[in-house]
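Trainee: Could you take me through one part of this model in detail? I would like a close look at the sheet and at what packs around it.

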Amino acid sequence: MNTAAGEVGGRQAPGEWSAAESVVINRAVQNAPSVHNSRPWSLALRGRSAELRERPTLLVQHDPEGRDRRISCGAALANLVLAIRSLRWTAEVEFGSSSGLVTATVTATGRADPSEAERRRGAAVLDRWSCRRPFDGPGLPASTLDVLLEAIAAPGVTGRWVSGADEALGVARLLTYAGRVFRGNADYQRELSSWTTVTGDGLRREGLGERGLAAVGLTTGRTRLPDEHVLSARIQREAVLLVGSGADGPAEQIRVGSAVEQTWLEATARGLVVSVMTQPLHLAEVRSGLAAGLGFPGMPQVMMRFGRLAESVDER
């Protein structure tokens, strides 16, 4: 898969990454979003290649199949490619596996200027953050929705906006159902609490959404789950995008994570705030319900919220 744009020099790029280039690459990967801020990957720079390797995390209750882990690795891969492109190198991506874990090797084979979209998204890497507060309404203009949907485009990846009152209510019912399931799971709550920190690595306590739409994205024992009709109204005031893949293997989950990060960075570059929800989609009945209710052509993997930050909004 060739992710580079522009003219390629033709010969194999000689030498190794310079110290300055290594700093740019490592910083970009370090700033990728990840499940519980666990950064479930390792990065090795060799010659003009960079190998990203999936690393297991101890999330038995939250992520038993490693779905969020691989989506996180996909986000890191997107940042890795954008960093290499920002250095005016091509970025050839090859996937592999080792001991059941996915690896992605990105190789610079020649010089090529980044595209405008790559420049814009690469510049947003350090500004991207996850906002679980309410967003300001009304929704985003159609032209912005089209740009964000275009940014999600990648081989095997599909995106679909939640649209209209009926769809919003159907999604709200599935999300509140998932919230009740996870709030009542004592083992899940113990694991979530063990990853929650005030400062440092781990899931930041202030990052937990305890009300509104974010409350059903990551539900704690303190969460006040919203009424499904209130939640439906909030979905209609925000821009909610369902992202999925045709298949549900490790490589597809990596590609979804990469596409999600590309779209997240595009939104950040345009002054929008974003949050991502995956936890409700760990329940097979929620995934199948979303696919059936929205006519989604594939396996739902991630739900994204886009908007502008509200100064003061009722968070019920």
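Mentor: Happy to! Let us start with what pairing means here: two strands pair if DSSP finds at least two bridges between them. On that basis, this predicted model has an open sheet of four strands, in the order β1-β2-β4-β3, with antiparallel pairing. The edges are formed by β1 (41-46) and β3 (92-98), each of which pairs on one side only. From one strand to the next, the twist averages 20°.

Now look at the β1 edge. β1 and β2 run antiparallel and are joined by six bridges. To find your place in that pair, use Ser42, which stands opposite Arg53 in β2. Helix α2 packs on the sheet and touches β1, β2, β3 and β4. The direction of α2 makes about 170° with that of β2.

That packing leads us to the nonpolar core. The largest one has 28 residues, and those touching the most other members are Ile25, Trp41, Leu52, Leu77, Leu80, Ile84 and Val106. At least two residues of this core come from each of α1 (19-30), β2 (49-54), α2 (67-86), β4 (101-107) and α8 (250-269). Helix α2 gives the largest share, eight residues.

Trp41 is a good residue to zoom in on. Beyond its neighbours within four places in sequence, Trp41 is in contact with Val29, Ala32, Pro33 and Ser34, with Leu52, Arg53 and Arg55, and with Ser72, Cys73 and Ala76. There is also a second, separate core of 25 residues, which includes Ala172, Tyr188, Leu231 and Leu290.

Staying with α2, have a look at Arg70, which has its place in that helix. Its relative accessible area is 9%, and because buried means under 20%, Arg70 counts as buried. Leaving out residues up to four places away in sequence, Arg70 touches Glu54, Glu65, Val102, Pro250, Gln253 and Ile254.

Next comes α1, another contributor to the largest core. Its twelve residues should span 16 Å at 1.5 Å a residue, and the end C-alpha atoms are 16 Å apart, so the two agree. Buried in this helix are Glu21, Ser22, Ile25, Ala28 and Val29. These residues cover an arc of only 135° around the axis, and therefore sit on the same side of α1. What covers them includes β1, β2 and α2. On the face turned away from that buried side you will find the exposed residues Ala19, Ala20 and Val23.

Finally, two loops by the strands deserve a glance, since each holds a non-glycine residue with a positive phi. Arg39 is found in the loop between α1 and β1, and its phi is near 45°. With 26% relative accessibility, Arg39 counts as partly exposed. Ser99 lies in the loop between β3 and β4, with phi near 55°. The relative accessible area of Ser99 is 78%, so this residue is exposed.

To pull the picture together, follow α2: this helix packs on the sheet, supplies the largest share of the 28-residue core, and is among the elements that cover the buried residues of α1.

Methods
Residues numbered from 1 in each chain as written. Predicted model: local features only at pLDDT ≥ 70, side-chain atom pairs only at ≥ 80, totals over all residues. Heavy atoms only, no water. Core = buried A, V, L, I, M, F, W, Y, C linked by side-chain atoms within 4.5 Å. Buried < 20%, exposed > 50% of the residue type's maximum accessible area, 1.4 Å probe, protein only. Contact = heavy atoms within 4.5 Å. Axes fitted to C-alpha atoms, helices over the stretch in contact; angles between N-to-C directions. Expected span 1.5 Å × (residues − 1). Arc of directions from axis to C-beta.
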